[in-house]
Amino acid sequence: MRLGINLGYWGAGMDADNLAVAREADRLGYSVCWAAEAYGSDAATVLAWVAAQTERIDVGSAIFQIPARTPAMTAMTAATLDTLSGGRFRLGLGVSGPQVSEGWYGVRFDKPLARTREYVEIIRKAMSRERLTHEGRNWTLPLPDGPGKPLKLTVHPVREYIPLYIAAIGPKNLEQTGEIADGALVLFYDPEHAEETTLSPLRAGREKAGKDLEGFDVVPTVPMALGDDVRALADQFRPYTALYVGGMGSAKQNFYNKLAQRMGYEKEAAEIQEKYLSGDKEGAAAAVPHELIDSTALLGPVERIADRMQAYAEAGVTTLSLTPAGFTLEERLAGLRAGVEALERAGLA
């Protein structure tokens, strides 16, 4: 099992710290550094900045939002980043959510699975550097009633094949991800529930493609906090968990809330969402069960974290992307180093 680092969103006042974290992860031998985007910083610019100031670590989008770019533009960006980084780019994609897609980008959140499949098809074709033609529900290239003609990507990426990941939570999305992608980016990954919530639908998708999970990258992003008081450490992540389970989406459409329900927290997930959407964010955070946080994060001393890493590896994880907690750079760097120590203690390095 490899280690990654997830920097999240840029522009929150810790940009210099984030760069230092990426550099230290590079020095420590971490496999990949991910950056995210929502409706603030874009991931492509951040990844170019990080790649320019690191040497070995891969840089990955977690995620490029599908409604933000045409598929051809995403192919151009991926090829450019792979070239600039010397072959270190990983392309992560996701549909985002209805509020961002429709409120920020003006793109209907309609049939996200079909849109993702078509998007990936166009990217694959463009990245292969064949002349780009496509006839689909969402895109037709070239347009049939104008001067457009089939064009070919002029950039030559360092690698012939750039790994493609999809952010997936729901069973149908996970199944399609297993079928059409090289890896899955997931959140709230509980090793004890991994088979039914994640691995089974991924495996079904791989079987559709005539493959198995061998070589497929299962990449959960996992919060991490060092210390002896596990309950106090877990409390740091109450607002984060409440945001996703309670506020990421509407009352009818929240993938993370449904995931919590599938993990056995039906009543608690409903309470968290009701409080969060009514404006009681503190009440929503207080309603998050400790067990939910503890099972989806790495908490405690290094020895306990090592045990949990072993559980993640046994539950199919191939790249464990950490988000070390801390209000200071020193705390976050200490988390990075503890991650390597825990991986070695678990015999997974």
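**Helix packing, a buried strand and some unusual backbone spots**

Glu 24 touches Leu 333, Leu 336 and Arg 337, leaving out residues up to four places away in sequence. This comes from a predicted model, as does everything below. Glu 24 sits in helix α1, and with a relative accessible area of 10% it is buried, since anything under 20% counts as such. Ala 20 belongs to helix α1 as well, which spans residues 15-28. At 23% relative accessible area, Ala 20 comes out as partly exposed. Its contacts, again setting aside residues up to four places away in sequence, are Leu 329 and Leu 333. Leu 333 therefore turns up in the contact lists of both Glu 24 and Ala 20. Along the chain, Ala 20 and Leu 333 are 313 residues apart, yet their C-alpha atoms are 8.4 Å apart in space.

Leu 333 leads on to helix α15, which covers residues 329-345 and packs against helix α14, residues 302-314. Two packed helices are described by the angle between their axes and the distance between those axes. For α14 and α15 the angle is about 60° and the axes are 8 Å apart, so the two helices are oblique to each other. The crossing of α14 past α15 is right-handed. On the α14 side, the contact is built from Val 302, Glu 303, Ile 305, Ala 306 and Met 309, while α15 brings in Ala 338, Gly 339, Glu 341, Ala 342, Leu 343 and Arg 345. Sorted by character, the residues of this contact are seven nonpolar, one polar and three charged.

Another helix pair is formed by α3, residues 71-84, and α5, residues 112-127. Their axes come within 8 Å and cross at roughly 45°, so α3 and α5 also count as oblique to each other. Here too the crossing is right-handed. Helix α3 contributes Pro 71, Thr 74, Ala 75, Ala 78 and Ala 79 to the contact, and α5 contributes Tyr 119, Ile 122, Ile 123, Ala 126 and Met 127. Nine of the residues in the α3 and α5 contact are nonpolar and one is polar, with no charged residue among them.

Turning to the strands, β2 covers residues 32-35 and is covered on both faces. In a regular strand the side chains alternate between the two faces of the sheet. In β2, Val 32 and Trp 34 lie on one side, Cys 33 and Ala 35 on the other, and all of these residues are buried. Strand β1, residues 2-6, pairs with β2 in the parallel sense, over three bridges. One detail of that pairing is that Ile 5 has Cys 33 of β2 as its bridge partner.

Ile 5 is also among the contacts of Ser 321, a residue of strand β12, which runs over residues 319-324. Ser 321 has a relative accessibility of 0% and so counts as buried. Apart from neighbours within four places in sequence, Ser 321 is in contact with Gly 4, Ile 5, Trp 34, Val 219, Pro 220, Thr 221 and Val 222. Within that list, Gly 4 and Ile 5 fall in β1, whereas Trp 34 is one of the buried residues of β2.

Finally, a few backbone features are worth a look. Most residues other than glycine have a negative phi, and most peptide bonds are trans. Two peptide bonds described here are cis. One runs from Ala 62 to Ile 63, with omega near 15°; Ile 63 is placed in the loop between β3 (58-61) and β4 (64-65). The other joins Leu 141 and Pro 142, and its omega is about -10°. Pro 142 is found in the loop between β7 (140-141) and β8 (164-167).

As for phi, Ser 96 is not a glycine but has a positive value of about 65°. Ser 96 is located in the loop between β5 (89-94) and α4 (98-103), and is partly exposed, at 23% relative accessible area. Phe 188, likewise not a glycine, has a positive phi of about 55°. The loop between β9 (183-187) and α7 (194-208) holds Phe 188. Unlike Ser 96, which is partly exposed, Phe 188 is buried, with a relative accessible area of 8%.

Conventions
Residues are numbered from 1 along each chain as its sequence is written. This is a predicted model: local features need pLDDT of at least 70, side-chain atom pairs count only at pLDDT 80 or more; totals for chains, interfaces and linings use all residues. Side-chain values use heavy atoms; hydrogens and water are left out. Axes are lines fitted to C-alpha atoms, for helices over the stretch in contact, and angles run from 0 to 180 degrees between N-to-C directions. Helices (H or I, at least four residues) and strands (E, at least two) are DSSP runs, numbered from the N terminus. Angles under 35 degrees count as roughly parallel, over 145 as roughly antiparallel, 65 to 115 as roughly perpendicular and the rest as oblique. A crossing is left-handed if the near helix is turned anticlockwise from the far one by less than a right angle, and right-handed if clockwise. Contact means heavy atoms within 4.5 Å. Ala, Val, Leu, Ile, Met, Phe, Trp, Tyr, Cys and Pro count as nonpolar, Asp, Glu, Lys and Arg as charged, and the others, Gly among them, as polar. Buried means under 20% relative accessible area, exposed over 50%, partly exposed in between (1.4 Å probe, protein chains only). Two strands pair if DSSP finds at least two bridges between them.
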